[in-house]
Number of protein chains: 2
Amino acid sequence: MPRPRRPLLTRDRIVETALALIDADGLGALSTRRLAAALGVQGPSLYNHFATKDEILDAVADTVTVAVDTSGFASRDWLTALRDWAWSYRRALTAHPNIVPYLAQGPGRRPAALAMADAVYGGLVRAGWPPARATHIGAALRYFVAGSALGSFARGFVEDPELYAAHYPHLRQAHRLAEHQQSVDEGAFALGLDALLHGLAAEYTRTVDTVESARPNG
Amino acid sequence: MPRPRRPLLTRDRIVETALALIDADGLGALSTRRLAAALGVQGPSLYNHFATKDEILDAVADTVTVAVDTSGFASRDWLTALRDWAWSYRRALTAHPNIVPYLAQGPGRRPAALAMADAVYGGLVRAGWPPARATHIGAALRYFVAGSALGSFARGFVEDPELYAAHYPHLRQAHRLAEHQQSVDEGAFALGLDALLHGLAAEYTRTVDTVESARPNG
DNA sequence: CTCATAAACTAGCGGTGTAAGTTTTCATTC
DNA sequence: GAATGAAAACTTACACCGCTAGTTTATGAG
């Protein structure tokens, strides 16, 4: 088949289909040939639109990140903004957990990821956090959200009662974690996020408020 | 070459070499053929000692986990034990960051990972946390530690000043993050862990202490 | 001494990412 | 409107991948 009258592929169609395949069968199951087949095309044709497979994955990762809402940093207090962002971030990632290991490596050159980092860091600095602290806070929350979305904690435990009964006395009920996967994973996230933010709020009054009030114009 | 007089391979030697290759060149660069070559052997010979490549990776992941110290749960208060464990866990993972994406998928059937989960959960329950809360706390800390070790936050940002200058005003200094990688990553971890534990301590006095004192024998 | 097992080998299957070169169509310029 | 160069599909091919099957020979147990 030569060049068709109307292109069979577009970058958007490729990314969309790749995400669907990743969601359905996992990151490891995405090959250029399978992706091309799903698009009704031969493998190498993809390279007319992307230079490498990683470039496709970058685009997929960024479309997932686009869904993250950072608008709170423009309109709410920093603590509320942080909480809303963290939940939105988590929702975006858990909607497509299989891409998380790729995405979690950092923003790289992906526009949506960079825009998110920019909004978070900017919001924290504007709220009065010293730059170094703002970096640390953004990183710490990213650690927590990415870790929570990287894989289900609950599904990490095999559903085999005998495995635990023998050698791990406290894990006797671990084989039942999978049943309650969502409530376990989400409950752990909620608890951890609340604790984290509680601790940050205390730190804020301890450092930022103190510094503000010590300044002539504070 | 037929069966040699003394075995060329042992499970330990395979795991050791695999970890060294992963440390040096990344998880993606570990192939059975490259691993075998590093051991002075042909690829398929590995399958006399391990059934699949994943079984090798499981063994590698578990040797990394063995280094994690959970002894605090037997001798210290739960908050100190949690802090010591988290730091030890982080040190073990950051010593071999390339295996973290594999290891972070859950304990599976890996003995060291299960023993760690057992110690943490058991310690928290013994300290008075309700079982569901103990699960959440263990999961939340695992999220945070795994997320922090999954990849450097600092190295996630490209060292290209122009990338940021144009569109991401608050990230103007992001290209310099790599210079301070360790202090950024570790500072973020320290800040986040302190905040998390601070929040958990508050939660403890709010729930567990209250319940204890409300019980007849409290 | 016999013989099943263990531990290496070679050959090969179906799959991978991607480079190279071909063909035809589209869009632009004279 | 003709010429031309880029675009977008194709086929072929390479080097590598995990793993299976079958072969050979040394080992260790009966």
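## The surface near DNA strand C

The residues of the surface near DNA strand C (a residue is near a strand if one of its heavy atoms lies within 4 Å of it) divide into 12 nonpolar, seven polar and seven charged. In this classification Ala, Val, Leu, Ile, Met, Phe, Trp, Tyr, Cys and Pro count as nonpolar, Asp, Glu, Lys and Arg as charged, and the others, Gly among them, as polar. This is a predicted model, in which local features need pLDDT of at least 70 and side-chain atom pairs count only at pLDDT 80 or more, while totals for chains, interfaces and linings use all residues. Residues are numbered from 1 along each chain as its sequence is written, chains are lettered from A and ligands numbered from 1 in the order in which they are written, and side-chain values use heavy atoms, with hydrogens and water left out.

In total, 26 residues surround DNA strand C, and the closest are Thr32(A), Arg33(A), Tyr47(A), Leu8(B) and Ser45(B). Helix H2 (residues 32-38) of chain A gives the largest share of this surface, three residues, where helices (H or I, at least four residues) are DSSP runs, numbered from the N terminus. Of the atoms of DNA strand C within 4 Å of the protein, 62% belong to sugar or phosphate and the rest to bases. A phosphate oxygen of this strand is 2.4 Å from an N or O atom in the side chain of Tyr47(A), and a backbone N or O atom of Leu8(B) also lies 2.4 Å from a phosphate oxygen of DNA strand C.

## The surface near DNA strand D

DNA strand D is surrounded by 26 residues, of which Leu8(A), Ser45(A), His49(A), Arg33(B) and Tyr47(B) are the closest. Here the largest share, three residues, comes from helix H2 (residues 32-38) of chain B. Sugar or phosphate accounts for 63% of the atoms of DNA strand D within 4 Å of the protein, and bases for the rest.

Phosphate oxygens of DNA strand D lie 2.6 Å from an N or O atom in the side chain of His49(A) and 2.6 Å from a polar side-chain atom of Ser31(B). A polar backbone atom of Leu9(A) is 3.0 Å from a phosphate oxygen of the strand.

## How the two chains are related

A rotation of 180° with 0.0 Å of shift along its axis superposes chain B on chain A, with an RMSD of 0.0 Å; the copies are superposed by least squares on the C-alpha atoms of residues with pLDDT of at least 70 in both. That is the relation of a two-fold axis. The same surface serves both copies, since 100% of the contact residues of chain B recur in chain A, where contact means heavy atoms within 4.5 Å.

## Two residues of chain A

Ser148(A) has its place in helix H8 (residues 131-150) of chain A. With a relative accessible area of 4%, Ser148(A) is buried, a word that means under 20% relative accessible area, with exposed over 50% and partly exposed in between (1.4 Å probe, protein chains only). Not counting residues up to four places away in sequence, Ser148(A) touches Arg90(A), Phe189(A) and Tyr143(B).

Thr94(A), in helix H5 (residues 78-94) of chain A, counts as partly exposed because its relative accessibility is 35%. The C-alpha atoms of Thr94(A) and Arg33(A), 61 residues apart along the chain, are separated by 27 Å.

Terms used. Polar contact = N/O pair within 3.5 Å; in protein donor to acceptor, adjacent residues only side chain to side chain.
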